[in-house]
Amino acid sequence: MADLVLVAGGVEHAFTGDAEVLLGRDPGCDVRVGDDRRVSRRHCRVLIRPPRVVVRDLGSHNGTYVNGVLIDGERELGDGDELWLGDAVVRVVIRPVTHNGLTVLSELGSGAQGVVHLAREPDGRLVAVKTLAVPGASEVFRRELDCTAALRHPHIVRFHRSLAEPLGFVAEYCPGGSIAGHGPFAVEQAVALTRQAAAALRYAHSAEIPVVHADGTTATGRGLVHRDIKPQNLLLTADGRLKVADFGLAKAFDQAGLSGRTPTGAIAGSVAFMPRRQLIDYKYARPDVDVWALTACLYWMLTGFPPRDFRPGADPVAVVLREPPIPIGRRLPSLPAPLASVIDDLLNESAASAADLDDALAPF
């Protein structure tokens, strides 16, 4: 079944998957639209990135109209829309995109290696589908798949099944989005969400995880360090519970240096939520880097800022290496002093466990 059909002059032009479709009166266009001189030779382009379809005017003399309305640059298209090019009308037919038995509904977001879509299972259940989007990144992506599949905790996004083609996996959908789309949070809510994430990390830091060595042999590692805790990876369910997501940079820390998947000196993740020690010794990062990052997320939930200031033009790595976190009381003078002291202490680069963080926040 085609993802998109453009009907021009009674002729159907079908397209499947990602495509860029050129419309105009030039014979070389993918969809040739008559001989009307009000239609430019290269009039507009339709970009198909299932499930999104967008039309972009190419500087045509008379403009591109959608349902009779002149567009300004580009416009997203829906099923049944009409493109008006001069006197020509091109009808848009968008059919549900179905892959691996899933009906893709919309794009939820994208990252360094993958893109996440909202999809519907045959039974009607909504799920999140993450698929590899970057050629050559399959090794990192498979690590996320393996790690996600191995974890089972109430505050970790639940893995459903893997996909072979395209490479990806189906996981729990969190309709509340990430905490990055909310806030600032009240103290009670921010602390409660942080403690939920701390429970997830406490479990992950002692879980059994599959490890692939550089020579291709496998082993079981114990204790997974996430290495990319940040607001965008802390998701909310419909009833407001927190789920930790995106284990694409995770690694079994008791096997650190043996998996061959992280070159020495490599730095990934989001620098604003990394402790200095993670940048200095990324490959051998221990669970305490996740605890620092989660504390930084709590700081952000309360203030709307990361612990350090990243001025325009400044090298973010240099900022982390050279500048200490700003005491949270300067950002939020109204914050109770005992809680401010706990947060500042946890951000002072001393090692702490997820249990330490949870215990420190229990009184609040």
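This section describes two open sheets and the second largest pocket of a predicted model.

We may begin with the sheet that contains the N-terminal strands. Six strands make up this open sheet, arranged in the order S2-S1-S11-S10-S7-S8 and paired in the antiparallel sense. The edges are taken by strand S2 (11-15) and strand S8 (69-70); each has a single partner strand, so one side of each is left without a neighbour in the sheet. Further in, strand S1 (residues 4-8) pairs with strand S11 (residues 88-94) over five antiparallel bridges, and here Val 5 has Val 93 as its bridge partner in S11. S11 also pairs with S10, again in the antiparallel sense, through four bridges. In this pairing Glu 82 stands opposite Arg 91 of S11. The hairpin formed by S10 and S11 has two residues between the strands, and Gly 86 takes a positive phi near 60° there. On from S10 (residues 82-85), two bridges in the antiparallel sense lead to strand S7 (residues 65-66). Val 66 has Leu 83 as its bridge partner in S10.

The second sheet invites a similar walk. This one is also open, with six strands in the order S12-S13-S14-S15-S17-S16 and antiparallel pairing. Here S12 and strand S16 (159-163) stand at the edges, and each has a single partner strand, so one side of each is left without a neighbour in the sheet. From one strand to the next, the twist averages 40°. Within this sheet, S13 and S14 run antiparallel and are joined by six bridges. Ser 110 is found opposite Val 115 of S14.

The second sheet also leads to the pocket. The second largest pocket has a volume of about 450 Å³, and 17 residues line it. Which strands each supply at least two residues of this lining? They are strand S12 (97-99), strand S13 (102-110), strand S14 (114-120) and strand S15 (126-132). These four names also appear in succession in the strand order of the second sheet, S12-S13-S14-S15-S17-S16. Nearest the centre of the pocket lie Asp 18, Pro 50, His 99, His 117 and Thr 131. By residue class, the lining divides into nine nonpolar, five polar and three charged residues.

Notes. Residues numbered from 1 in each chain as written. Predicted model: local features only at pLDDT ≥ 70, side-chain atom pairs only at ≥ 80, totals over all residues. Heavy atoms only, no water. 1 Å grid on protein atoms, 1.4 Å probe; cavity = no way out; pocket = protein on both sides within 12 Å on 5 of 7 lines; lining within 4 Å. Points joined across faces, edges and corners; volume = space filled by probe spheres on them. Nonpolar A, V, L, I, M, F, W, Y, C, P; charged D, E, K, R; others polar. Pairing = 2+ DSSP bridges. Axes fitted to C-alpha atoms, helices over the stretch in contact; angles between N-to-C directions.
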